[in-house]
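Me: I should like to go through the terms used for this structure and ask what justifies each of them. Please set each value against its criterion.

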Amino acid sequence: MNDLSKNYINGEWVAWSGETIDVHESGTGEAIARVPASGREEMERAVAAADAAFESWSESTLEQRIKVLEQLHAGLKERAPEIAETVCREVGMPIKLATAIQAGMPATVTKTYLKMLPDFPFNEQSGNSEVQYAPVGVVGCITPWNYPLHQVILKIVPAIAAGCTVVLKPSEIAPQSAYILADILDGTDLPKGVFNLVCGHGHTVGDTLIKHPDVRMVSFTGSTRTGHLIAHAAADDFKRIALEMGGKSASVVLPDADLAAAVKGTVNNCLLNSGQTCTALTRLLVPADKHDEACELASAAVAKMTPGNPLEETTRLGPLASGQQRDRVIDYIKLGIEEGATLVTGGPEAPEGCNPGGFFVRPTVFGNVKPDSRIAQEEIFGPVLCVIPYTDEAEAIRIANGTPYGLSGAVWSADGDRAKRVAGKLRTGQVFVNGGAFNPVAPFGGFGHSGIGREFGKWGLEEFLEIRSLQL
Ligand code: NAD
């Protein structure tokens with residue numbers, strides 16, 4: 001049992017002797033770690049530390065900030081195997097993928113900021129004015145469990161680079177990588193109080209953080225439900241917010257597309273991290289006359305993804321992160337059957353050959369899904385694909401845009417210009433055209449109920465900056 005009964009406040013590990021939260025191994029269900037269910041006073045202390053550190057960190061030089069981020073980058077590289085195994089055990093992403101993504105992306109993203117910072121215009125001229133970009137203040141960062149370190153890095157690296165100070169409230173379901181991060185930062189030249197970590201429940205310490213008057217911005221990744229609470233709380237004292245929330249992304253396969261490539265690309269994307277990815281392409285929109293063939297292709301692609309022990313190098317599909325999430329996904333699979341969708345493969349029963357204590361779900365494909373049904377409208381956050389037939393391009397676009405979300409999407413066509421034209425009609429923050437690669441310096445975020453603001457690259461940094469103009 002990894003005993004992490006402590007918080008990181010004002011440059012020191014502060015022991016916690018109160019109630020704790022157990023962290024479970026996704027593949028076995030066993031408790032593997034414990035973290036504090038901190039009280040509101042711990043959060044108050046952390047905010048006070050961040051507030052006290054702001055004045056001097058906001059005036060730190062770019063060289064100082066770059067040096068700390070270089071040290072962080074080196075630490076992330078050095079501890080990558082430990083990060084990968086930790087997240088693999090907590091979240092269930094197979095170790096090979098966890099090494100590349102859960103451990104690899106944090107270092108990659110940090111590097112992109114290190115490359116960008118020397119040339120970032122913190123001052124620019126506009127007519128007779130000097131425009132200055134100033135750090136927003138103390139930032140509260142609240143993060144989810146599905147990419148637990150990556151989502152933290154996307155916030156704290158640009159926040160620190162901007163000159164802000166930070167209080168992080170990580171997910172209580174997958175918190176251990178945040179402790180590794182705090183440990184790395186503890187070994188850097190970051191002044192005390194610039195980064196603080198408090199672990200606990202959302203409705204207690206999270207609530208204190210989002211309502212605290214000394215917190216000038218909340219940067220949140222998580223569910224749309226919690227995002228709502230944050231937007232309401234922030235309105236009271238006009239805090240700035242950046243919200244990265246849920247999705248129900250559509251993969252639009254146009255009639256002239258290579259159907260096999262489109263279905264394979266969509267299934268792989270949908271099942272990544274067992275469907276626990278906010279941008280997952282969970283709705284596959286196909287011409288009605290190709291629906292049955294698409295279902296067969298999807299079923300064949302899913303058959304290659306047998307769920308198994310995420311710690312094994314050959315496993316391609318792991319369990320879900322928690323028992324609660326598994327039960328939620330199984331309920332959605334039962335709902336899909338009740339709603340009259342065709343069960344192409346999978347189902348609510350536990351998959352064979354997996355540890356019965358683990359949080360495994362059978363990868364499932366539904367065909368003939370009605371665009372307005374609940375399984376086509378609500379975020380399931382599990383390995384469930386909905387195949388939806390359409391009659392013409394206009395209807396495909398209408399269905400793709402027909403949910404409250406707008407995070408991601410995909411378009412497939414043999415004609416690149418046509419694919420781009422249709423992509424331009426999707427009301428989402430990003431669209432993958434004919435399987436275009438993920439880009440860590442492209443803006444990432446959502447339309448509608450998927451979010452406010454953007455992460456990655458210069459857009460991610462600008463979120464943490466206020467604008468001041470000096471008329472000269
Ligand atoms: P969640 O909203 O339940 O929890 C996220 C964080 O918010 C946790 O740290 C939690 O403790 C905290 N929280 C909960 N209630 C709170 C409250 N009342 N006040 C303050 N904080 C509170 O989300 P989750 O289940 O951990 O994550 C899954 C969700 O995250 C999915 O909807 C997924 O789509 C979304 N997500 C979005 C992105 C994106 O970039 N758009 C990325 C990853 C995950």
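Reply: The model is a predicted one. A suitable place to begin is helix α2 (residues 62-78) and helix α3 (residues 80-91), whose axes approach within 4 Å and cross at roughly 65 degrees.

Me: What makes residues of α2 and α3 count as being in contact?

Reply: Contact requires heavy atoms within 4.5 Å. Leu76, Lys77 and Glu78 of α2 meet Ala80, Pro81 and Ile83 of α3. By class, this contact has four nonpolar and two charged residues, with no polar ones.

Me: Why is serine 408 called buried?

Reply: The relative accessible area of serine 408 is 3%, and buried means under 20%; serine 408 is therefore buried. Serine 408 is located in the loop between α13 (393-400) and β18 (409-412). Apart from neighbours within four places in sequence, its contacts are Ser249, Ala250, Thr279, Thr428, Gln430 and Phe432.

Me: Why is phenylalanine 238 called exposed?

Reply: Exposed means over 50% relative accessible area. Phenylalanine 238 has 73%, and is therefore exposed. Phenylalanine 238 belongs to the loop between α8 (224-236) and β12 (240-244).

Me: Why does asparagine 10 count as partly exposed?

Reply: Partly exposed lies between the limits of 20% and 50%. Asparagine 10, in the loop between β2 (6-9) and β3 (12-15), has a relative accessibility of 29%, so partly exposed is the term that applies.

Me: What makes the phi of asparagine 10 and that of phenylalanine 238 worth a remark?

Reply: Most residues other than glycine have a negative phi. Asparagine 10 is not a glycine, yet its phi is positive, at about 55 degrees. Phenylalanine 238 likewise has a positive phi, near 55 degrees.

Me: How do you know that helix α6 is mostly covered?

Reply: Of the 11 residues in α6 (residues 176-186), nine are buried. They are Gln176, Ser177, Ala178, Tyr179, Ile180, Leu181, Ala182, Ile184 and Leu185.

Me: What makes the approach of lysine 169 to the ligand a polar contact?

Reply: A polar contact is a pair of N or O atoms within 3.5 Å. A polar side-chain atom of lysine 169 lies 2.6 Å from a ligand oxygen atom, which means that the criterion is met. Serine 223 also places a polar side-chain atom 2.6 Å from an oxygen atom of the ligand, and for glutamate 172 the separation is 2.8 Å. The protein covers 89% of the 850 Å² of accessible area that the ligand has on its own.

Key:
Residues numbered from 1 in each chain as written. Predicted model: local features only at pLDDT ≥ 70, side-chain atom pairs only at ≥ 80, totals over all residues. Heavy atoms only, no water. Buried < 20%, exposed > 50% of the residue type's maximum accessible area, 1.4 Å probe, protein only. Helix = DSSP H or I, 4+ residues; strand = E, 2+ residues; numbered from the N terminus. Axes fitted to C-alpha atoms, helices over the stretch in contact; angles between N-to-C directions. Nonpolar A, V, L, I, M, F, W, Y, C, P; charged D, E, K, R; others polar. Polar contact = N/O pair within 3.5 Å; in protein donor to acceptor, adjacent residues only side chain to side chain. Areas by Shrake-Rupley, 256 points an atom, 1.4 Å probe, with all protein chains shown as cover.
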